[in-house]
Amino acid sequence: AKDVEVFRVLLQQRLPTLIQHFTKHGVDPCLFANQWFMCLYINYLPMQVAMRFLDSFFYDGSKMLFRVGLALFNMNLKALLQADDEEELMTLCRDLPQTATDPTKLMECAYDHLL
């Protein structure tokens with residue numbers, strides 16, 4: 001659970017507008033992040049993207065959990081901020097990893113703002 005708390009702080013620092021939006025609608029994005037972290041995104045990202053994540057994870061370490069999580073939220077920021085109720089926001093968060101269909105784009109975004 002320590003990783004999730006670190007991720008919560010990173011989200012607050014990097015995407016404060018999004019955190020305010022989540023809070024307004026009573027959604028905790030870290031519930032999803034916890035699931036992603038527990039299985040190293042394997043059950044959530046498309047397979048090709050998951051393999052690319054694992055390469056980066058084994059090379060750069062656990063900070064990749066955070067980088068990819070932030071990248072997923074960042075890449076979908078517009079849609080997340082446009083969600084106007086809890087149910088829509090929860091559905092978007094649940095499906096967030098599946099939106100990462102291009103492993104190169106995800107990794108570029110993950111490395112864009114190094115931790």
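Is valine 68 buried or exposed? Valine 68 is buried, with a relative accessible area of 0%. The legends below refer to a predicted model.

**View 1. Surroundings of valine 68 in helix 5.** Valine 68 is a residue of helix 5. Beyond the residues up to four places away in sequence, valine 68 touches Tyr41, Phe53, Leu106, Met107 and Ala110. One of these contacts, Tyr41, lies 27 residues from valine 68 along the sequence, with a C-alpha to C-alpha separation of 9.2 Å. Valine 68 is buried because its relative accessible area of 0% falls under the 20% limit.

**View 2. Glutamate 108 in helix 8.** Helix 8 spans residues 103-112 and contains glutamate 108. The relative accessibility of glutamate 108 is 54%, so this residue counts as exposed; the limit for that class is over 50%. Between the C-alpha atoms of glutamate 108 and valine 68 the distance is 9.8 Å, and the two residues are 40 apart along the chain. Valine 68, in contrast to the exposed glutamate 108, is buried.

**View 3. Packing of helix 4 against helix 5.** Two packed helices are described by the angle between their axes and the distance between the axes. For helix 4 and helix 5 the angle is about 140° and the axes are 8 Å apart. Helix 4 is therefore oblique to helix 5, as an angle has to be over 145 degrees to count as roughly antiparallel. On the helix 4 side the contact involves Phe53, Ser56, Phe57 and Asp60, and on the helix 5 side Lys63, Met64, Leu65, Arg67 and Val68. By type, the residues of this contact are five nonpolar, one polar and three charged.

**View 4. The largest nonpolar core and phenylalanine 73.** In soluble globular proteins, nonpolar side chains tend to be buried together. The largest nonpolar core of this model has 38 residues, and Phe53 and Phe73 are the ones that touch the most other members. At least two residues of this core come from each of helix 1 (2-14), helix 2 (16-24), helix 3 (30-38), helix 4 (47-60), helix 5 (63-75), helix 7 (86-95) and helix 8. Helix 5 supplies the largest share, eight residues. Apart from neighbours within four places in sequence, phenylalanine 73 is in contact with Phe7, Leu11, Leu15, Leu18, Phe22, Pro29, Trp36, Leu80, Cys93 and Leu96.

**View 5. Leucine 40 and tyrosine 41 in the loop between helix 3 and helix 4.** Most residues other than glycine have a negative phi. Leucine 40, not a glycine, has a positive phi of about 55°, and tyrosine 41, also not a glycine, has a positive phi of about 70°. The loop between helix 3 and helix 4 holds leucine 40 and tyrosine 41. Leucine 40 has 24% relative accessibility and so counts as partly exposed, whereas tyrosine 41, at 0%, counts as buried. Tyrosine 41 is among the residues that valine 68 of View 1 touches.

**View 6. Histidine 21 and its polar contact.** Histidine 21 is located in helix 2. Its relative accessibility is 11%, so histidine 21 counts as buried. The side chain of histidine 21 reaches the backbone oxygen of alanine 83 at 2.8 Å. Not counting residues up to four places away in sequence, histidine 21 touches Leu80, Leu81, Ala83 and Leu89. Leu80 also appears among the contacts of phenylalanine 73.

Technical notes: Residues numbered from 1 in each chain as written. Predicted model: local features only at pLDDT ≥ 70, side-chain atom pairs only at ≥ 80, totals over all residues. Heavy atoms only, no water. Helix = DSSP H or I, 4+ residues; strand = E, 2+ residues; numbered from the N terminus. Buried < 20%, exposed > 50% of the residue type's maximum accessible area, 1.4 Å probe, protein only. Core = buried A, V, L, I, M, F, W, Y, C linked by side-chain atoms within 4.5 Å. Contact = heavy atoms within 4.5 Å. Axes fitted to C-alpha atoms, helices over the stretch in contact; angles between N-to-C directions. Parallel < 35°, antiparallel > 145°, perpendicular 65-115°, else oblique. Nonpolar A, V, L, I, M, F, W, Y, C, P; charged D, E, K, R; others polar. Polar contact = N/O pair within 3.5 Å; in protein donor to acceptor, adjacent residues only side chain to side chain.
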